[in-house]
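Please walk me through this structure, taking the strands and sheets before the helices and the pocket.

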Amino acid sequence: MPKAGRNAIRRIGISTGGGDAPGLNAVIRAVVLSAHNRGWDVVGIRDGYNGVMLPDQYRDGGLMALTPERVRGITHLGGTIIGTTNQGNPLRFPVQKPDGTTVEVDRCDELVRGLAANGIDAVVAVGGDGSLTIANALAKRGVRIVGVPKTIDNDLSRTVITFGFDTAVSFATECIDRLHSTAASHRRVMVVEVMGRYAGWIALNSGISGTSDAILIPEIPYDLARVGEKIAERFSGGGNFAIVVVAEGARPKGASYSVVEKKAGAAERLGGAGEKLAEELRKLTGRDTRHVVLGHLLRGGTPTTFDRLLSLRFGAAAVRALAAGKSGVMVALDPPKVRYVPLAEATERMKCVPLDCDTILTARELGICLGD
Ligand code: F6P
């Protein structure tokens, strides 16, 4: 129950920011029910913080009342009922100048005022590194805020896993499984590009589980010749197809990331790594080669049981943290417990695949080529 007095929480806001991930709605439901148990109201801030920053763009003023009835039956649904955005970061808000050029300005103070003006006493910020960096900036400016780690990429430090990752890996694995039969029927090389930004978690975990022949991740810039040799070995050893899983952030030694778009107020967009690799492998091996980009399919659909439960645990833990007077922290999985870690530490650096981790060693033991 809330404590009476000036600092009592009466109303909290929940924001979902960055790319959507399966499990967001489960977090929302857990936050709403846990807050309701304490007598707090909950509003969903639409599209990151746009509901507060740009209220005129919304018919309902940018905030969605989230009652227990409103969040009924959403645990298993993909996406987020309050919307999200990975553009218009309030720390680097894009503003167009009269000469047509765009500059980035810090509009966080305005956001802090907007939250107060809407009677929002505390915030649960659900997001990846970008959204949690914003949450940390808001905490420093006095906003009571708790972060929940979300991303299919699993690249956030200080939590063993983020929600959304298990669903993405499970689906990627299913897709790789499906490619085996078509690749074998045509004696082809199939290149499968998966998301993950600058970390290779999705590629590595799905590539091993889907028994691929090569896995290329951003942490190990690859040597094309090594991948070509592996494919040659595979065919000369009696195999009649080969599967190469490539992370969107993978790149050949000495080359830079394959970027398709870079614009103010948003993270750069990666893409094209799979297509380029397939073309190079076709030339190098002379084999019929196709590529497939799993892309946003990895973010869609129903969360796995693991992600649902993790999301519900994270949402409930975020509300418990606020009730206990915590702020500036992120809920984190440290099995078997959910703990609280400073937002500053969680966002300090990206969690890449450690080259000495047992999953990498497993891939090598299984004879999977990692491009080095
Ligand atoms: O961070 C999640 C993620 O899906 C990355 O894996 C990917 O690089 C990026 O978001 C894609 O973002 P967008 O939704 O802008 O295409």
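**Sheets, helices and the largest pocket**

Strand 2, which covers residues 41–45, runs antiparallel to strand 3, and three bridges join the two. Within this pairing, Val43 stands opposite Ala65 of strand 3. It should be said at once that the model is a predicted one, and what follows describes that model.

The two strands belong to an open sheet of seven strands, which has mixed pairing and follows the order 3-2-1-6-7-14-15. Strand 3 (63–65) and strand 15 (337–342) stand at its edges with a single partner strand each, so that one side of each is left without a neighbour in the sheet. From one strand to the next, the twist of this sheet averages 30°.

Two loops that adjoin strands of this sheet deserve a closer look at the backbone. In the loop between strand 14 (329–334) and strand 15 lies Pro336, and the peptide bond that joins Pro335 and Pro336 is cis, with an omega of about 5°. The other loop runs between strand 7 (145–149) and helix 5 (165–186), and Arg158 has its place there; although Arg158 is not a glycine, its phi is positive, at about 70°.

A second open sheet is built of four strands in the order 9-10-8-13, and here the pairing is parallel. Its edge strands are strand 9 (214–216) and strand 13 (289–293), each of which pairs on one side only. Neighbouring strands of this sheet are turned against each other by 15° on average, if direction is ignored. At one edge of the sheet, strand 9 runs parallel to strand 10 (residues 242–247), to which three bridges join it, and Ile215 stands opposite Val245 of strand 10.

A hairpin can be considered next. Strand 4 (residues 93–96) and strand 5 (residues 102–105) pair in the antiparallel sense over four bridges, and one of the paired positions is Pro94, whose bridge partner in strand 5 is Glu104. Five residues lie between the two strands of this hairpin, in which Gly100 takes a positive phi near 95°.

Among the helices, two pairs show how the packing is arranged. Helix 7 (residues 224–236) and helix 8 (residues 273–285) pack with their axes 10 Å apart and at an angle of about 60°. That angle makes helix 7 oblique to helix 8, and the crossing of helix 7 and helix 8 is right-handed. In the other pair, the axes of helix 6 (residues 201–209) and helix 11 (residues 358–365) come within 11 Å and cross at roughly 40°. Helix 6 is therefore oblique to helix 11 as well, because angles under 35 degrees would count as roughly parallel; helix 6 passes helix 11 in a left-handed crossing.

The last feature to follow is the largest pocket, which has a volume of about 1,200 Å³. It is lined by 50 residues, and of these the closest to its centre are Gly18, Gly19, Asn86, Arg197 and Ala267. By character, the residues of the lining divide into 21 polar, 15 charged and 14 nonpolar.

Which elements of secondary structure each supply at least two residues of this lining? They are helix 2 (50–53), helix 4 (129–140), strand 8 (189–194) and strand 12 (269–270). Helix 4 gives the most to the lining of the largest pocket, with five residues. Strand 8, which appears in the four-strand sheet with the order 9-10-8-13, is thus also one of the elements that each supply at least two residues of the lining, and this gives the reader a way to pass from that sheet to the pocket when turning the model on the screen.

Key: Residues numbered from 1 in each chain as written. Predicted model: local features only at pLDDT ≥ 70, side-chain atom pairs only at ≥ 80, totals over all residues. Heavy atoms only, no water. 1 Å grid on protein atoms, 1.4 Å probe; cavity = no way out; pocket = protein on both sides within 12 Å on 5 of 7 lines; lining within 4 Å. Points joined across faces, edges and corners; volume = space filled by probe spheres on them. Nonpolar A, V, L, I, M, F, W, Y, C, P; charged D, E, K, R; others polar. Pairing = 2+ DSSP bridges. Axes fitted to C-alpha atoms, helices over the stretch in contact; angles between N-to-C directions. Parallel < 35°, antiparallel > 145°, perpendicular 65-115°, else oblique. Left-handed = near helix turned anticlockwise from the far one by under 90°.
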